[in-house]
2 protein chains.
Amino acid sequence: MSEPTVPAAEAAEHGGDWRPSREAVIDLLGLLALGELLAFERMAVDARLTPDLARRARMSEAAVGEIRNYRLLADRLEALGADPAEAMAPFMDAFGAYDSSTAPRDFLEALVKVYVGDAVADDFFRAVAAKLTGDDRTLIERVLETGSAAEFAAEEIRAAVGADPSAAGRLSLWGRRLVGEAINRAQGVAAAHERLTDLIGAGGDGSVDELLRGLTRAHQERMKAVGLNN
Amino acid sequence: MSEPTVPAAEAAEHGGDWRPSREAVIDLLGLLALGELLAFERMAVDARLTPDLARRARMSEAAVGEIRNYRLLADRLEALGADPAEAMAPFMDAFGAYDSSTAPRDFLEALVKVYVGDAVADDFFRAVAAKLTGDDRTLIERVLETGSAAEFAAEEIRAAVGADPSAAGRLSLWGRRLVGEAINRAQGVAAAHERLTDLIGAGGDGSVDELLRGLTRAHQERMKAVGLNN
């Protein structure tokens, strides 16, 4: 299939005539789509960790934004002539390993996982949007407009730590573990998917390692914002 | 709190001046809201039973209608001055017992559970709508307009039984077990919630037992419609 032409102005943003290949964009959208689908499922599943029906319902309602984002990404994959399930499949093992090594033991741990995961995902979306052009970039901007599950989780965590400051130590440790595991898996994905790594490092303004360092710094700020230590 | 006045024409439909009490309506809406919330969670959780990412995503997307219905019901409870979580709480044990006695072993069993549960719920909504007046009746009609998860499940079951007719026997047995358990739990709920039973039997046109017999007959027709025996 032929590559879509890229307007000169957009190509210039990426240092001359660089532009992502269709295959690299499909890899990226597949990774993002799977992340959204699994974030949705995880929230609905973890909602059961609280005996409090009001919180349980709020967690499930907050999950809906994730499945809406999944649909936006899946539609774009289809528009590119790709099968969403096939585009997502290569990343199942990495997400599966992350989830099995970070199963929350209670509702607060689940909320921290939502907060960290959703916020890191948003930062990642923002970072890669700059590497994309045309419809792909517009799509990522639309995904980022969706009301964030992170906002819901942040409010709940702040309230919980406010009510019981002794929870902060345990949750801070948990947050560090989540980010450690996530970076571990992200490095594995990058090593196994050269096209994706090339896209992220494109335009000469960053490597995967630099991106991960940036995400980690932003994460540390966010932990402070909900009363946790990094 | 005073009862809302009921227009004479509506009251007449219920055999004179009968009208449901605010408390009975709150019981009913609490039961329905919990049913929708748990149906949503169940679909997102059971989506994981298939290794097929395309089906898994479709199941999660089909679940969204249930949480939308939950929101409509919760909003109405709040408009009546009730706390949705408190209105749902009395029915948790019955739904919990149903779910723990009917855990699907695979994705097809999960689909049959969605199909049976969602369709029986829709029939129940239709039956009780006739007992309600004004905004409560309008609400139930809106809930019934939502694209049904049962349609998604029916298509998948039909395709699966078409591809492997030997699955029909096992799934038919499973469908009978689901309805048996559901009726069992419904009778328990009716026995423990007199206001609710009074509302269902109101207007002299039916008892809880008659309602359950009607739901069972409709269920048998629906099983045939997807290639299963009742």
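Two residues count as in contact here if their C-beta atoms, placed from the backbone, lie within 7 Å. Keep that cut-off in mind for the first stop, and remember throughout that you are looking at a predicted model.

**Stop 1: chain A as a whole**

Select chain A and colour by secondary structure. You'll find 11 helices and 0 strands, so the cartoon, read from the N terminus on, goes α-α-α-α-α-α-α-α-α-α-α. Chain A has 230 residues, and 42% of them count as buried. Now think about contacts in chain A between residues at least 6 apart in sequence: 77% of these join residues at least 24 apart.

**Stop 2: Ser21(A)**

Zoom in on Ser21(A), in the loop between helix H1 (8–13) and H2 of chain A. Is Ser21(A) buried or exposed? Count the C-beta neighbours inside 10 Å and you get 12, so Ser21(A) counts as exposed; the cut-off for that label is 12 or fewer. While you're here, add Arg195(A) to the selection. Ser21(A) and Arg195(A) sit 174 residues apart in sequence, yet their C-alpha atoms are 8.3 Å apart in space.

**Stop 3: Leu37(A)**

Move along to helix H2 of chain A, which covers residues 22–46, and pick out Leu37(A). Leu37(A) has 26 C-beta neighbours inside 10 Å, which is why it counts as buried. Which residues does Leu37(A) touch, leaving aside those up to four places away in sequence? Show Tyr70(A), Ala57(B) and Ser60(B). Two of those names carry a B, so this stop leads straight to the other chain. If you like distances, draw one from Leu37(A) to Ala153(A): the two are 116 residues apart along the chain, and their C-alpha atoms are separated by 18 Å.

**Stop 4: where the chains meet**

Bring up chain B next to chain A. The contact takes 19 residues from each side, that is, 19 from chain A and 19 from chain B. On the chain A side, H2, helix H3 (53–79) and helix H4 (84–88) each supply at least two residues. H3(A) gives the most, with 9 residues. Colour the chain A side by residue class and you'll see 14 nonpolar, 1 polar and 4 charged residues.

Next, try a superposition. A turn of 180° with a shift of 0.0 Å along the axis lays chain A on chain B with an RMSD of 0.0 Å. The two copies are thus related as by a two-fold rotation axis. What share of the interface residues of chain A are also interface residues in chain B? The figure is 100%, so the copies meet through the same surface.

**Stop 5: H3 against H3**

Hide everything except H3(A) and its partner, helix H3 (residues 53–79) of chain B. Two packed helices are described by the angle between their axes and the distance between the axes. For this pair, the axes come within 10 Å and cross at roughly 135°. That makes H3(A) oblique to H3(B), and the crossing is left-handed.

Show side chains for the contact residues:

- From H3(A): Ala57(A), Ser60(A), Glu61(A), Val64(A), Ile67(A), Tyr70(A) and Arg71(A).
- From H3(B): Ala57(B), Ser60(B), Glu61(B), Val64(B), Ile67(B), Tyr70(B) and Arg71(B).

By class, this contact has 8 nonpolar, 2 polar and 4 charged residues. Tyr70(A), Ala57(B) and Ser60(B) should look familiar from the Leu37(A) stop.

**Stop 6: H9 and H11 in chain A**

Go back to chain A and select helix H9 (residues 167–192) with helix H11 (residues 208–225). They pack at an angle of about 165°, with their axes 11 Å apart. H9(A) and H11(A) are therefore roughly antiparallel to each other, the cut-off being over 145 degrees. H9(A) passes H11(A) in a right-handed crossing.

Ser172(A), Gly175(A), Val179(A), Ile183(A), Ala186(A) and Ala190(A) are the H9(A) residues in this contact. From H11(A), they meet Val208(A), Leu212(A), Thr216(A), His219(A) and Met223(A). The classes divide into 7 nonpolar, 4 polar and no charged.

**Stop 7: H6 and H7 in chain B**

Finish in chain B with helix H6 (residues 107–129) and helix H7 (residues 134–145), which pack at about 155° with axes 10 Å apart. That makes H6(B) roughly antiparallel to H7(B). Their crossing is left-handed. Among the residues to show are Phe125(B) and Arg126(B) in H6(B), and Ile140(B) and Glu141(B) in H7(B). This contact has 6 nonpolar, no polar and 4 charged residues.

How values were computed. Residues numbered from 1 in each chain as written. Chains lettered and ligands numbered in written order. Predicted model: local features only at pLDDT ≥ 70, side-chain atom pairs only at ≥ 80, totals over all residues. Helix = DSSP H or I, 4+ residues; strand = E, 2+ residues; numbered from the N terminus. Buried ≥ 20, exposed ≤ 12 C-beta atoms within 10 Å, placed from the backbone. Nonpolar A, V, L, I, M, F, W, Y, C, P; charged D, E, K, R; others polar. Axes fitted to C-alpha atoms, helices over the stretch in contact; angles between N-to-C directions. Parallel < 35°, antiparallel > 145°, perpendicular 65-115°, else oblique. Left-handed = near helix turned anticlockwise from the far one by under 90°. Least-squares fit on C-alpha atoms with pLDDT ≥ 70 in both.
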